[in-house]
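Trainee: I'd like to go through this one with you, piece by piece. Can we start with the sheets?

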Amino acid sequence: MSEATPESKSRPAPAWNLAANPIFRRYCKSQLRPVSTGFWIVTVLIFVTFFFLLAYIGAGKQWDDPAIQARAAIIPVIIIQGILLMVFGNGATTLAYVREAEEGIASYQRLTPMKPLAKVLGYLFGPPIRCYLLILLTLPFTIFGVVKGNIPLNDILQVASIFFVSGILYHLIGLFAATVIKRRLLAGIVSMGIVFLITIIMPLIIAKSGYQFFTHFTIWPVLNQHKSELIVESLLSQNPEFSEKDVKDAEWKDFRRRRGEWQFFQYQKHKILSETQGEIQFFQSKIPTFAFSFTVQCFLVFTFGVIIYRRWKSGTAHLLSKNFCLFVFGGILVLFLGTSLPLIESGQIFPSINTQFGRNYMASTATQATVTEGMGLSAACGFVTLLIANMLIQTITPSRDGYIKGLRRADKIGRRNPKVGSDEGTSLWHTIIIALLGAAAWYWFTNTLFESSAYPEKSLPSHAFPIMAAVFLFAAICFSTTLQVFGKGVLWMSILFLWIVPLLASGICFISEGIVAGIYLTSPSAFASFFNSLTYLLDGPDLENLKHIKNAFWIWIALHGFLTAILLAVSQSRQAQLRQLVFNESKDND
Amino acid sequence: MQMSGHVFLGRNRNFQIRCRIEKQEQEDWAIQTIDLRVDYGETNAVRGLNLQVPRGEVYGLVGPNGAGKTSTFKILATLMEPTYGEVRLCGIDALLYPREVRHRIAYMPDLAPLPSDLKCGEFLEMFAAAYGLRGKAKRARIDECLEATQMTEKRTAFCKTLSRGMTQRLVLAKSLLHNPELMILDEPASGMDPMARADLRRALRVIADAGRTVIVSSHILSELADMCTSVGLMKKGKLIASGSVSDVVSQMSRPQRRISVRLVNDVEIARQLLQKANHVSDLTTDAAAKTIRFDFDGNEDAQSELISDLISGGSKLRSFEEQQSTIEDIFIEMSEPNKMSDE
């Protein structure tokens with residue numbers, strides 16, 4: 001057999017050259033075979049044409065303006081493009097990589113000298129190539145809508161860019177799920193679950209805890225901003241008199257129910273929305289919504305990219321390195337504080353003022369939130385921060401086997417312990433830093449909240465930070481040491497029986513009017529400790545059972561302080577045992 | 001020992017790596033492992049493995065299941081990191097520079113998988129491009145590799161339609177694409193019928209004749225003994241013998257030789273004489289075949305004396321044969337618990 005020519009010994013093509021990327025080209029071949037691609041092209045074209053015409057003709061019956069008709073017709077096209085990109089593209093990426101991992105082809109790929117970035121790009125754009133082709137086929141409809149509807153080019157470019165970045169983010173999530181989970185069905189479910197969490201659960205529920213920036217992981221802020229601008233422009237072109245109507249802020253919502261005034265209500269609503277949605281207040285500065293969403297999504301894309309890179313580099317590596325974890329957590333906290341603090345003074349942070357549900361069901365006036373709501377909001381913020389902190393702590397805490405491996409490596413080079421920053425090193429110091437960062441963010445948020453004009457008579461005492469730090473430290477250290485010493489099974493059982501079940505049981509007590517018993521039942525739960533600690537620090541609202549809530553908080557502190565001390569002692573003793581085991585082993589080998 | 005990853009390379013990192021690799025490439029060993037250890041939790045798969053394979057050798061790694069062969073091969077293939085130890089492949093530190101090493105090695109696992117949605121030619125094109133082959137050179141190389149593995153006519157067939165033997169040959173073709181200096185073949189004949197095995201053996205001969213270093217593990221030991229220039233025996237994660245096949249066999253054989261005597265006349269006279277003789281043990285007689293077998297631990301003079309005694313005692317010898325231990329005998333003994341010490 002002949003030797004390879006000098007040309008054939010050349011290096012793989014650069015990572016950015018997608019056309020020469022072997023993984024991308026491989027999927028172009030397998031995903032674009034004529035029969036299946038033809039079937040999909042025909043199906044998508046039929047659907048897009050149907051919904052486009054339906055919207056275009058339907059809008060024509062209500063509006064006499066072809067520009068508005070075209071704008072209305074573009075909406076179903078964008079929805080279909082979104083489904084193709086987010087759902088089908090995400091599924092294709094996940095399933096393609098899991099199938100390769102199951103078949104063992106992924107191992108072959110790891111053995112090629114391709115750069116990790118080239119591999120990531122290949123898997124990111126290769127498997128969903130059919131979806132990209134189908135989206136390309138729907139572009140003439142979009143172009144028709146843009147041209148005929150006189151949609152500004154800047155608007156459509158911003159929406160397309162955020163669509164693209166979101167698509168990459170969701171495909172990376174698919175790749176992440178496929179890298180971490182080896183079973184096809186489960187990886188598909190987890191991948192879709194994370195996308196559902198990011199697009200639906202986070203903006204709708206978690207964002208209400210102060211984590212407003214979670215909505216920017218989706219396309220909605222940018223899409224809504226431009227949608228509102230276009231609606232205002234369309235309505236104004238049909239009804240020029242709207243601009244002359246002078247309506248007071250408090251009155252405009254009444255137009256919704258007035259006969260023949262629905263269009264004015266929409267005009268007024270979207271006018272306000274387009275004014276408020278155009279920019280994001282980030283600490284003291286204002287950032288355009290598009291720039292903010294783009295940056296936030298790039299932050300997440302970068303984080304998932306790092307996770308995948310690490311896992312492909314070494315199959316046993318932690319998802320994130322310990323130091324990078326601090327960077328990620330710090331980044332999340334900066335985004336959280338930067339976006340939530342400016343909303344406090346205006347009252348937009350309060351669900352009772354800012355949401356329909358809150359206005360209907362939460363006791364408050366239109367401009368003032370209650371102390372209980374403020375405490376609830378702060379507690380929810382602390383709770384979500386702890387969840388995120390524990391999620392990150394879990395990724396950096398070494399398993400028992402991993403720790404033994406680290407000890408053996410350390411022993412070999414004459415060290416006593418694995419390096420603190422290495423995957424095998426103890427996560428205790430990073431846990432403490434994460435807990436303190438979380439506590440600081442929680443304190444800052446709570447302090448700003450109760451220093452605001454909404455609560456003129458309340459403020460945190462000087463010893464608040466140590467108390468809040470203790471809550472975070474005890475919860476985080478108990479989590480981390482239990483995981484390191486006893487493993488995941490014991491950890492999740494402990495969380496279930498110590499932190500969740502008492503909370504559920506207390507709920508039953510509350511509705512059966514056993515209020516005091518219910519309060520004491522919440523005492524073991526870290527999740528309840530956030531609210532209970534604030535009751536202690538702020539002397540609570542005028543609750544009847546203030547004394548019992550304070551007692552419950554002190555029980556939590558005592559219990560978790562004791563548990564932290566015990567777990568740290570057990571952890572140290574286990575580490576010493578393992579060190580001895582490794583030392584004896586190496587002595588035997590010598 | 002300097003642990004991998006702890007080396008500070010300064011500002012001009014790429015230049016320093018290149019210099020270091022060029023220096024390392026001059027070394028004679030194709031494979032060199034130093035104090036290699038692999039653990040799965042508390043299970044110790046490989047311990048203190050010091051393996052040295054010179055360039056151009058065809059080296060067979062033999063050992064029972066659980067000996068640590070596959071773990072060793074995965075580390076050599078840069079698929080796995082050891083607990084500790086050093087691995088140098090073609091002179092390059094595989095733990096520090098895995099991408100450089102990957103240009104020079106090919107790994108073929110047992111029961112090699114293929115993508116079900118690609119044709120054979122497309123499969124090879126993907127990997128040829130991954131190794132930096134482009135244009136005409138790529139096409140020519142794919143043709144050569146298909147021809148070397150007798151798979152040319154299957155170029156447009158879907159991978160999922162191939163038989164087990166063809167699958168292995170296609171994976172072998174893929175492994176040859178970038179002209180690797182070192183081939184790591186883990187049970188390449190696993191699950192194949194005798195015909196397919198013969199085809200694969202022929203293909204491997206072509207590779208070995210081209211002067212590449214090959215490290216191979218197999219349970220078909222007669223083939224290994226036939227093909228390999230040297231072998232290593234692994235047991236419980238340790239290399240217990242290494243060298244040429246004959247060296248390893250003599251090193252690992254029992255001190256007693258098994259001797260088989262076939263007679264023309266009745267076996268009884270010879271049997272009585274052998275029972276009284278020195279250095280003889282474990283005597284078995286097959287009267288129908290007129291054959292006696294026994295272990296003999298004397299030297300060559302004692303063996304010559306024994307033959308004289310048998311003849312003078314009235315036995316008519318048809319043959320006096322010393323049975324040679326084969327690598328297979330040693331493997332079987334290794335696989336039986338308590339038969340052979342770990343060391």
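Mentor: Sure. One term before we begin: two strands pair if DSSP finds at least two bridges between them. Also keep in mind that this is a predicted model.

Trainee: Okay, so in what order do the four strands of the open sheet with E11 in chain B stand?

Mentor: Walk across the sheet and note each neighbour. The pairing is antiparallel. The order of this open sheet in chain B is E12-E13-E11-E14.

Trainee: Which strands stand at the edges there?

Mentor: Look for strands with a single partner strand, so that one side of each is left without a neighbour in the sheet. From one strand to the next, the twist averages 15 degrees. The edge strands of chain B are E12 (280–286) and E14 (317–323).

Trainee: What is the bridge partner of Val261(B) in E13(B)?

Mentor: Start with the two strands, E11 (residues 257–263) and E13 (residues 291–296) of chain B. They pair in the antiparallel sense over six bridges. In E13(B), Val261(B) has as its bridge partner Ile292(B).

Trainee: How far apart are the C-alpha centres of domain 1 and domain 2 of chain B?

Mentor: First find the bounds: domain 1 of chain B covers 54–82 + 96–251, and domain 2 covers 255–324. Then take the C-alpha centre of each. The distance between the centres of these two domains of chain B is 46 Å.

Trainee: There's another open sheet of four strands in chain B, with the order E2-E1-E4-E5. Which are its edge strands?

Mentor: Here too the pairing is antiparallel. An edge strand pairs on one side only, and in this sheet of chain B that describes E2 (43–54) and E5 (92–93).

Trainee: Which residue takes a positive phi in the hairpin of E1(B) and E2(B)?

Mentor: Strand E1 (residues 29–40) of chain B pairs with E2(B) in the antiparallel sense over eight bridges. Ile31(B) has Val53(B) as its bridge partner in E2(B), while the partner of Trp29(B) is Pro54(B). The hairpin has two residues between the strands, and the positive phi, near 65 degrees, belongs to Gly41(B).

Trainee: Now E8 (residues 213–217) of chain B: how many of its residues are buried?

Mentor: Check both ways the side chains go. Thr213(B), Ile215(B) and Ser217(B) point one way from E8(B), Val214(B) and Val216(B) point the other way, and all are buried. The strand is therefore largely enclosed by the rest of the structure, and the count of buried residues is five of the five.

Trainee: Do the partners of E8(B) run parallel or antiparallel to E8(B)?

Mentor: Take E3 (residues 58–62) of chain B, which four bridges join to E8(B) in a parallel run; there Tyr59(B) has Ile215(B) as its bridge partner. Then take E7 (residues 182–186) of chain B, joined to E8(B) over five bridges, with Leu182(B) opposite Thr213(B). For E3(B) and E7(B), the sense of pairing with E8(B) is parallel.

Trainee: Let's move on to chain A. At which residue does H6(A) bend?

Mentor: Begin with the length: 20 residues (129–148) at 1.5 Å a residue should span 28 Å, and the end C-alpha atoms of H6(A) are 29 Å apart, which agrees. The bend is about 35 degrees, and a proline, Pro140(A), follows within four residues. The bend of H6(A) sits at Thr138(A).

Trainee: What do the buried residues of H6(A) pack against?

Mentor: The buried ones include Ile129(A), Leu134(A), Thr138(A) and Phe141(A). Just after the helix, Asn150(A) takes a positive phi of about 50 degrees. The buried residues of H6(A) pack against H1 (22–31), H2 (34–62), H3 (66–103) and H5 (116–125) of chain A.

Trainee: Last one: which element gives the most to the side of chain B that touches chain A?

Mentor: The contact takes 35 residues from chain B and 33 residues from chain A. On the side of chain B, the elements that give two or more residues are H3 (98–102), H4 (120–130) and H5 (135–148). With five residues, the one that gives the most is H4(B).

Notes. Residues are numbered from 1 along each chain as its sequence is written. Chains are lettered from A and ligands numbered from 1 in the order in which they are written. This is a predicted model: local features need pLDDT of at least 70, side-chain atom pairs count only at pLDDT 80 or more; totals for chains, interfaces and linings use all residues. Axes are lines fitted to C-alpha atoms, for helices over the stretch in contact, and angles run from 0 to 180 degrees between N-to-C directions. Domain bounds come from an automatic or database domain assignment. The expected span of a helix is 1.5 Å times one less than its number of residues. The bend at a residue is the angle between axes fitted to the seven residues ending there and the seven starting there. A residue is buried if 20 or more other C-beta atoms lie within 10 Å of its own, exposed if 12 or fewer, and partly exposed in between; C-beta atoms are placed from the backbone. Two residues are in contact if their C-beta atoms, placed from the backbone, lie within 7 Å.
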